[in-house]
Amino acid sequence: MYNEKVLDHFNNPRNVGELENPDGVGEVGNPVCGDIMRMEIAVEDGRIKDIRFRTFGCGAAIATSSMVTELVKGKTLEEALAVTNRMVAEALGGLPPVKMHCSNLAADALHKAIDDYLSRAGAAAADLGAGERAPAAAAAGCPDPSADPCPGCCGKIGRERGDGPPPGGETPPAG
Ligand code: FES
């Protein structure tokens with residue numbers, strides 16, 4: 001039923017497990033069968049430095065999980081976002097038609113992990129104007145990210161990115 005490549009990734013899955021402090025986590029469930037896949041990424045300089053997965057599913061789901069981690073390790077986030085479920089299935093040399101739905105988890109979980117990273121990084125985002133700082137402040141958990149500087153971070157998000165002191169020269173709260 002499965003080709004040799006699929007069987008290899010099923011029997012010897014790559015990058016199984018969890019990261020100690022993942023920068024992004026994506027979890028998806030397959031509505032067809034209820035199986036679940038969790039993907040964790042570590043990001044450095046805009047690239048996927050490391051990636052791990054846990055999949056509670058069939059052989060095809062495990063093989064596609066394993067393959068997607070190999071496809072995107074070391075790639076930029078943009079390149080990783082361009083990986084589709086079909087590309088993963090093709091990289092495995094194809095899946096039996098009845099198992100194609102199993103390939104839907106892999107790229108979806110990866111994209112969710114990247115989305116999670118981007119939102120945590122606060123739109124690692126915004127290139128720093130007062131208005132643009134709000135998404136980053138919100139992602140950092142500031143109580144009023146629309147204020148400038150917001151009361152939670154006193155503009156430290158901007159400072160961490162080399163913007164200098166916040167307007168008014170306030171001292172950031174301890175801790
Ligand atoms: S049967 Fe559920 S992912 Fe394959």
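Helices (H or I, at least four residues) and strands (E, at least two) are DSSP runs, numbered from the N terminus. With that in hand, let us walk through this predicted model, in which local features need pLDDT of at least 70, side-chain atom pairs count only at pLDDT 80 or more, and totals for chains, interfaces and linings use all residues. Residue numbers start from 1 along each chain as its sequence is written.

**The sheet**

Strands are said to pair if DSSP finds at least two bridges between them. Here, 3 strands make an open sheet in the order β1-β2-β3, and the pairing is antiparallel. The edges are taken by β1 (24-29) and β3 (47-56), each with a single partner strand, so one side of each has no neighbour in the sheet. From one strand to the next the twist averages 15°. As general background, strands of a sheet pair through backbone hydrogen bonds, either parallel or antiparallel.

Between β1 and strand β2 (residues 36-44) there are 6 bridges. Along this pairing, V28 sits opposite M37 in β2, and V25 faces E40 in β2. On the other side, β2 is joined to β3 by 9 bridges, with R54 in β3 as the bridge partner of R38.

What happens to the side chains along β1? They alternate: G24, G26 and V28 point to one face and are buried, while V25, E27 and G29 point to the other and are not. Buried means that 20 or more other C-beta atoms lie within 10 Å of the residue's own, exposed means 12 or fewer, and partly exposed is in between, with C-beta atoms placed from the backbone.

**Turns and loops**

The two hairpins are set side by side here.

| Hairpin | Residues between the strands | Turn residue and its positive phi |
|---|---|---|
| β1 and β2 | 6 residues | G34, about 85° |
| β2 and β3 | 2 residues | D45, about 50° |

D45 is not a glycine, yet its phi is positive. D45 is exposed, with 6 other C-beta atoms within 10 Å. N15 is another non-glycine residue with a positive phi, of about 60°. You will find N15 in the loop between α1 (4-11) and β1, where N15 is partly exposed, with 18 other C-beta atoms within 10 Å.

**Helices on the sheet and on each other**

Contact between two residues means that their C-beta atoms, placed from the backbone, lie within 7 Å. Axes are lines fitted to C-alpha atoms, for helices over the stretch in contact, and angles run from 0 to 180 degrees between N-to-C directions. Helix α5 (residues 104-120) lies across β1 and β2 and runs at about 145° to β1.

How do α2 and α5 pack? Their axes are 8 Å apart and make an angle of about 45°. The two helices α2 and α5 are therefore oblique to each other, given that angles under 35 degrees count as roughly parallel, over 145 as roughly antiparallel, 65 to 115 as roughly perpendicular and the rest as oblique. The crossing of α2 and α5 is right-handed, a term for the near helix being turned clockwise from the far one by less than a right angle.

At this contact, A61, T64, S65, V68 and V72 in α2 meet L105, A106, A107 and L110 in α5. The residues involved comprise 7 nonpolar, 2 polar and no charged. Nonpolar covers Ala, Val, Leu, Ile, Met, Phe, Trp, Tyr, Cys and Pro, charged covers Asp, Glu, Lys and Arg, and the others, Gly among them, are polar.
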